[in-house]
Amino acid sequence: MNASTISLSQLRDLYERDSADLRQTFERTGDGSAAIRRRASIVDNIVGKIWAGMAPESARSSIALVATGGYGRRELFPFSDVDVLYLCASESIERDHHQTLRAITQAMWDAGLRASPATRTLKECDKVNPDNLEFTISLLDRRYLAGDLALYRRLETDVLPALALRDWDTLTQNITEIARARHAKFGNTIFHLEPNIKECPGGLRDYHLAQWLSLLTSLHETKTWPKPAGTPLYGTHGDREYAFDFLAATRCFLHYRFKRDNNTLDWHSQDEAAAQSIGLETRGSADPAYWMRTYYRQARTIYRRATLLMDALPPPRRSFYKHFRRKRTPIPGTDFFLEQGRLDLSETATGIDGDAILQIFGIIANHGYKLSQDAEDRIVDNLPVLAVQMPEGPFLWNSLREVLLGPHAAHALRTMHALGILELLIPEFHGIDSLVIRDSWHRYTVDEHTFLVIDNIHNLRQPHHDWEKRLATLLSEIDRLDLLLLAILMHDTGKARRTGNHALQSIELSENLFARLEFDTEEREIVRRLIRSHLDMSAGLRRDIFAPETVRILAEKIGSQQQLKMLTLMTYADIKAVAPEALTPWKADNLWQLYIGVSNYIDRSVDEARYHAGSDPAVLNRITALVSDRATGQNPEREQALRAFLEGLPQRYLQIRPPDQIRDHFKMAANLDKDPIQIAFRVHRQLNEITIITYDRPYLFADLAGVLSAWGMNIVKADAFSNEAGVIVDTFQFTDPFQTLALNPSEVDRFLAGVRDIVAQKVPVEKLLESRRHALRRTQVRVSVETRIEFDNESSSHSTLLQVVAQDTPGLLRAIVLAFAQHNCNIEVALIDTEGEMAIDVFYLTANGHKLDQDLQNELAESLTTAINSLR
């Protein structure tokens, strides 16, 4: 029978009309779940007509046409493939109808369907192929379409239940292994700036994973194939339906937006989805941060249930555990028991009291145990009763303190938060539930960020890096670690109010908690001061951390060594919890140096701003002793040269440079009479570092920034020092986004030669920038950063502090420094930093040896604004 008999062109027209109407309906209603069910029905109609028109009687009586996968679930998204199975009674049937089945598949494509067919005999369906596990999984979502109904029923009632029971271990363990590998690919977190809503943890794939595991677990326990509606995934709480409906609507939106099977929720798609209130119960326009907050809540619900089901799987029968009877250890004073690392509720328990719940979460915080799925569901069911029973006063604080001080505190708090227990204890925390700070720098929601900060504090008990080991020494010196952890738990709760100083608002919210915990005045003030000052050291890192004014102001705010130690740890943990890449090794080093500087100031031992051998010969003698064997020896002329090199350098240089670096820099400076441009290059802590020692000249710093930009390098830190003789020591640390130097070692020499030519003014930097202009074009920005230019004549006794916040673009630093040169401003110190797409550059400037007056500040601000805007 040929295709013209069934009017394929008419079927295609019908399919296109139905699909267009489906899209209009979705855009009007926003109901993704209805849309995918309706598309499955539309495809059923087309496939049924093709089968009826092309399948001969011999095929209809010996082959069953079966929908599998998403099509079998009636979850057919707008641009998803149509998975069909030609189930044949025998190999001879498959062989005899091979051409017919190919023609039917081709007809599906001709009608506009992206058919993805598989052909199997009933016998082939009765085994698990480890190399094609996806096929067996797809049969869990099968649905009869046409053909031999008796053959299909044999598959459904005989073959599949027997297969699932016989190979239950293989199926469940392999499904779990595939899921864990997928989770690991995405960092085992739902928090991504641009999540793939199908594959990411908490996405649709995890929703179906939970369905499959629920179905197989039910079959394993009852030995009966469950009915399609008989295995609820989330009990009676309604979370399942809402989470799926939201993701279904979002995936439909993405398919229609991209006109293909694209499931990545990129930045601009988030804006559009929020504008259309995709997946929300109310129509109109929503704030993108609010919309993403809803997404994370749904993803968290799905991810938690999927991981619970995976963790609850018993070990495979081949495991040595089969030789032992499961041991249940009762938890005294409660109806809970411990079994294989999981806490469960006794079947005879009639209720759960608040005291027992707090005890259980203290155990979880100390040992890292997990609750069983049944225990979590029963706790949620009992929330109304628990809300009345929850204690207050010292008992509540002692229980909460037990949780906070446990090494697995963050895990316990996440569980409490997911079940609603944390909000019963601390209602003030509810406002930051899944709260999104929507920029390209903050990776996590505010609640998850808070748990990560607590995790970072506890992880210092087992430090790995050198800078962690230094910070870890402070942990044992904290008198009230419990109050530090409570301050962390509350430090960002004020962000729920969206406006004003969130630290002050967090304190305001904490006051009610203090009253419920019956804190004394001293305890309240410790927590208040930590919350109030939790951003001060982060702000200090954007200043010259060795400037006496920076140290003095910070020391006067902090006041005591104990508060300083707590604030240092809080700052470390807070920065590290912003994003995986937020705490770089050099930023951790700077934090430690800032801690030392403030600690010294509090102890009244602060150095002068610049080094002068006449006023402090001890420093010269110490450095001379350190480098004498290799550099100065007993040579008086060399000792005098060292004195001249150090004279007038900032104390900051001597504090942050180890002796071997000072020795190397001195040797470079000593060779300036032979070669007036000394350059050193190294790779240090995953950053490239270049140091230039030469005599100062106008535009030198700008030219150095320009040549790095021309080579496509991203400057993350820069130091600029000069001594009284006019010798500069400029160091740039930068990343190489295109791995030009890492992948092409021979390019390092060419790169350094290019830097030398720029410093020697043999090649104009503008020429180099122009030749590489095409390579420096930025992709479309995610977040537009408003330019801010702020002058401060109070923070430094000898310089004007300038902070420039702007969009991070190639050539930005050069443009800024050129503006300085045009106004005859000298850079005393430059601190370069980048957060996401935002550059935060701080400069200490002088003009003719003095601070900048108001007129010069105004002129410079105008020039900077013009220069920065020209780069956009």
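**View 1. Arg-205, a partly exposed partner in a salt bridge.** Arg-205 has a relative accessibility of 30%, so this residue counts as partly exposed (buried means under 20% relative accessible area, exposed over 50%, and partly exposed in between, with a 1.4 Å probe and protein chains only). Its side chain meets that of Glu-199 in a salt bridge, at 2.9 Å from N to O. A salt bridge here is a side-chain nitrogen of Lys or Arg within 4 Å of a carboxyl oxygen of Asp or Glu. Please keep in mind that this is a predicted model, in which local features need pLDDT of at least 70, side-chain atom pairs count only at pLDDT 80 or more, and totals for chains, interfaces and linings use all residues. Residues are numbered from 1 along each chain as its sequence is written, and side-chain values use heavy atoms, with hydrogens and water left out.

**View 2. Glu-376 and Arg-304 join two helices.** The side chains of Glu-376 and Arg-304 form a salt bridge of 2.7 Å, N to O. This pair links distant parts of the chain, 72 residues apart: Glu-376 sits in helix H15 (residues 373-381) and Arg-304 in helix H13 (residues 288-311). Helices (H or I, at least four residues) and strands (E, at least two) are DSSP runs, numbered from the N terminus. Glu-376 counts as buried at 3% relative accessibility, while Arg-304 is partly exposed at 23%.

**View 3. Arg-497 and Glu-508 form a salt bridge between a loop and a helix.** In this pair the closest N and O atoms are 3.2 Å apart. Arg-497 lies in the loop between helix H22 (481-490) and helix H23 (502-517), and Glu-508, eleven residues apart from Arg-497, belongs to helix H23. Arg-497 is partly exposed, with 36% relative accessibility, and Glu-508 is partly exposed at 47%.

**View 4. A network of salt bridges links four residues.** Here you can follow Arg-297, Arg-300, Asp-433 and Asp-447, which are linked through salt bridges. The whole structure holds 47 salt bridges.

**View 5. An open sheet of four strands, with a helix packed on it.** The strand order is S9-S10-S12-S11, with antiparallel pairing (two strands pair if DSSP finds at least two bridges between them). Strand S9 (677-684) and strand S11 (714-722) are the edge strands, each pairing on one side only. From one strand to the next, the twist averages 15°. Strand S10 (residues 687-695) pairs with strand S12 (residues 727-735) over eight bridges in the antiparallel sense, and Ile-693 stands opposite Val-729 in S12. Helix H35 (residues 746-759) packs on the sheet and touches S9, S10 and S12, its direction making about 140° with that of S9. Axes are lines fitted to C-alpha atoms, for helices over the stretch in contact, and angles run from 0 to 180 degrees between N-to-C directions.

**View 6. Gln-661, a buried residue in helix H32.** Helix H32 spans residues 659-670 and includes Gln-661. Gln-661 has a relative accessible area of 12%, so this residue is buried. Leaving aside neighbours within four places in sequence, Gln-661 is in contact (heavy atoms within 4.5 Å) with Tyr-653 and Arg-682.

**View 7. Two stretches with pLDDT below 50.** The chain averages a pLDDT (the predictor's confidence in each residue, from 0 to 100) of 87, and 91% of the residues score at least 70. Residues 229-237 fall below 50, yet this stretch has 20 contacts in the model beyond near neighbours in sequence. Residues 319-324 also stay under 50, and the model has three contacts for them beyond four places in sequence.
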